[in-house]
Amino acid sequence: MSENDHTSAAPTTSPWKVALSGQRRDAALTVAQDVAARAVDRRRVAEALTAAGRQTRYPDTVRWLPYSVAEGDVGTALLCSYLDQCLPQCGWDAAGHGFLAAGAHAAEQTASLDCGLYSGLSGLAFAVASLSRNGERYPRLLTVLDDELAPLVSAQASRLSAHRGGMPVRDFDLISGASGAAAPLLTRDPRGTLPQLLAALVRLVAPRDGPPLWATPPELMSNEAMRRSYPAGNLNCGLAHGIPGPLSILALALGEGYEVPGQADAVRHVADWVAGQRSDDRWGINWPCAMPLPNGQNPPNGRKGRALGHSESSRRPAPPVPARSAWCYGAPGVARALWHAGQALDDDGLRRLAVDAIAAVLRRPPGARDIDSPTFCHGVAGLLQVVLRFAADTGLPLLTKAVDPLVDQLLAAYAPERPMGYADLEQGRNPVDRAGLLDGASGIALVLLAAATDTEPTWDRLFLLS
């Protein structure tokens with residue numbers, strides 16, 4: 001970027017604006033409404049779920065949990081809420097109420113729900129608050145959820161604070177862990193539990209001798225491929241599962257006026273660490289999925305690589321390689337976390353790094369971004385929402401001009417013959433019909449609406465983008 005681009009990377013205070021115009025805007029609105037109509041058609045959703053069970057190479061990932069905001073009725077309710085804000089008087093509010101009621105009933109019948117954001121009570125609370133019209137509706141349900149969540153959040157903070165080191169990412173990440181539980185509390189914390197989570201996260205990321213507390217030993221990784229790649233353990237660098245999640249929470253909380261001792265220093269420390277883990281490619285700034293711990297630097301609870309039965313050569317950690325250009329892993333999500341840190345610390349250097357990183361993503365040809373899927377988590381919709389946020393925050397022409405081609409990618413992927421109008425593309429471009437927000441068609445509809453309307457997409461705090 002040029003020096004002028006760097007100067008103009010300072011944040012703006014403009015309201016959310018329509019990013020599209022003309023036929024492209026009309027097409028985006030039409031497709032978004034069609035996908036939403038399918039999402040509220042339970043027959044269609046059931047058809048997609050049945051098809052996905054046949055199509056997927058990862059059958060454990062095919063599920064529909066009514067109480068889940070990521071893949072369930074609660075996520076559909078959130079989609080309806082945003083549609084009602086964008087297109088009032090079209091019946092979306094009533095549809096949203098029905099799906100919210102179904103999700104809340106399912107949660108009531110499920111005894112083992114935790115406070116996770118994507119498949120737990122925090123996600124349900126986020127959706128209820130979003131549909132409540134600033135607390136005017138659902139007061140009883142909100143109170144019940146507040147009462148249920150408060151002890152769960154406190155217990156989660158206590159567990160995290162008690163960790164001596166070496167933990168699975170699900171303890172602290174956005175999807176299942178403490179960062180996700182904190183996200184809704186940034187907007188609404190009626191029981192005052194957010195400071196407990198912030199204090200636990202500050203302790204988690206504090207500088208220390210040896211690996212940080214949040215390092216993951218191989219035996220606590222999610223699959224054998226990761227254990228082979230990181231025989232001594234790793235430090236996860238993705239927004240969905242890694243340290244950018246806690247960084248975003250700590251930084252956003254500062255911006256909302258929530259601060260506990262050591263929080264600003266923690267934001268500085270983690271932001272500097274993340275900035276130092278770059279794994280650039282020919283187009284510019286990038287990050288790896290994770291940084292390997294060297295042999296002999298295992299987390300306190302981790303085993304040595306030799307104990308896993310690997311040879312000396314196989315125990316050497318693979319050099320970090322750039323991740324895909326996605327929300328979940330790679331520069332888009334990491335850049336957003338660094339932007340939040342730059343805002344919290346009023347650090348123009350961090351803001352410039354964040355903008356330079358997303359600019360590098362946009363320089364990569366679409367085929368080099370490794371995000372073939374149109375969906376949010378690891379696809380084009382997630383990248384588009386990150387770009388929309390950066391464009392709104394900076395007003396940089398580089399970013400505003402990038403919206404149209406990304407929308408065109410989504411419109412080109414629209415397949416009306418499929419149950420939901422879109423398919424998720426698994427590794428190897430294997431199409432799978434999914435309905436949910438995270439990996440399915442509903443998430444695409446949300447992003448198309450965000451690009452085509454002047455209604456701010458406050459729902460994207462679910463993804464730590466705002």
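## Terms and model

A residue is called buried under 20% relative accessible area, exposed over 50%, and partly exposed in between. The model described here is predicted.

## Nonpolar core

The largest nonpolar core holds 152 residues. Within this core, Y118, W327 and L338 have the most contacts. Helix 18, residues 441-452, gives the most to the core, contributing 10 residues.

Leaving aside residues up to four places away in sequence, Y118 touches S68, V69, A70, L174, I175, W327, L438, L462 and F463. W327 is thus both a contact of Y118 and one of the residues with the most contacts inside the core. In soluble globular proteins, nonpolar side chains tend to be buried together.

## Helix 8

Helix 8 covers residues 178-185, and 8 of its 8 residues are buried, so the helix is largely enclosed by the rest of the structure. The buried residues are A178, S179, G180, A181, A182, A183, P184 and L185.

These buried residues of helix 8 pack against four named elements: helix 6 (121-131), helix 7 (139-162), helix 9 (194-205) and helix 11.

## R461 and its surroundings

R461 lies in the segment after helix 18. Its relative accessible area is 8%; because this is under 20%, R461 counts as buried. With residues up to four places away in sequence not counted, R461 touches F126, A183, L186, T187, L252, E256 and S466. Of these contacts, A183 is one of the buried residues of helix 8. The side chain of R461 also reaches the backbone oxygen of S466 at 2.9 Å.

The side chains of R461 and E256 meet in a salt bridge, with an N to O distance of 3.3 Å. This pair links distant parts of the chain, 205 residues apart: E256 is in the loop between helix 11 (244-255) and helix 12 (263-275), while R461 is in the segment after helix 18. E256 has a relative accessible area of 42% and is partly exposed, whereas R461 is buried.

## Other salt bridges

The structure holds 27 salt bridges. One of them joins R364 and D281, whose closest N and O atoms are 2.7 Å apart. R364 sits in the loop between helix 14 (348-363) and helix 15 (380-394), and D281 in the loop between helix 12 and strand 2 (290-292), so the salt bridge ties together parts 83 residues apart in sequence. R364 is buried at 1% relative accessibility; D281, at 24%, is partly exposed.

D348 and R352 form another salt bridge, again with 2.7 Å between the closest N and O atoms. Both residues lie in helix 14, 4 residues apart, or about one turn of the helix. An α-helix has 3.6 residues a turn, so residues three or four places apart point the same way. D348 is partly exposed at 27% relative accessible area. R352 has 30% relative accessibility and therefore counts as partly exposed, since this value falls between 20% and 50%. A network of salt bridges links D84, D93, R133 and R137.

Note on methods: Residues numbered from 1 in each chain as written. Predicted model: local features only at pLDDT ≥ 70, side-chain atom pairs only at ≥ 80, totals over all residues. Heavy atoms only, no water. Core = buried A, V, L, I, M, F, W, Y, C linked by side-chain atoms within 4.5 Å. Buried < 20%, exposed > 50% of the residue type's maximum accessible area, 1.4 Å probe, protein only. Helix = DSSP H or I, 4+ residues; strand = E, 2+ residues; numbered from the N terminus. Contact = heavy atoms within 4.5 Å. Salt bridge = Lys/Arg side-chain N within 4 Å of Asp/Glu carboxyl O. Polar contact = N/O pair within 3.5 Å; in protein donor to acceptor, adjacent residues only side chain to side chain.
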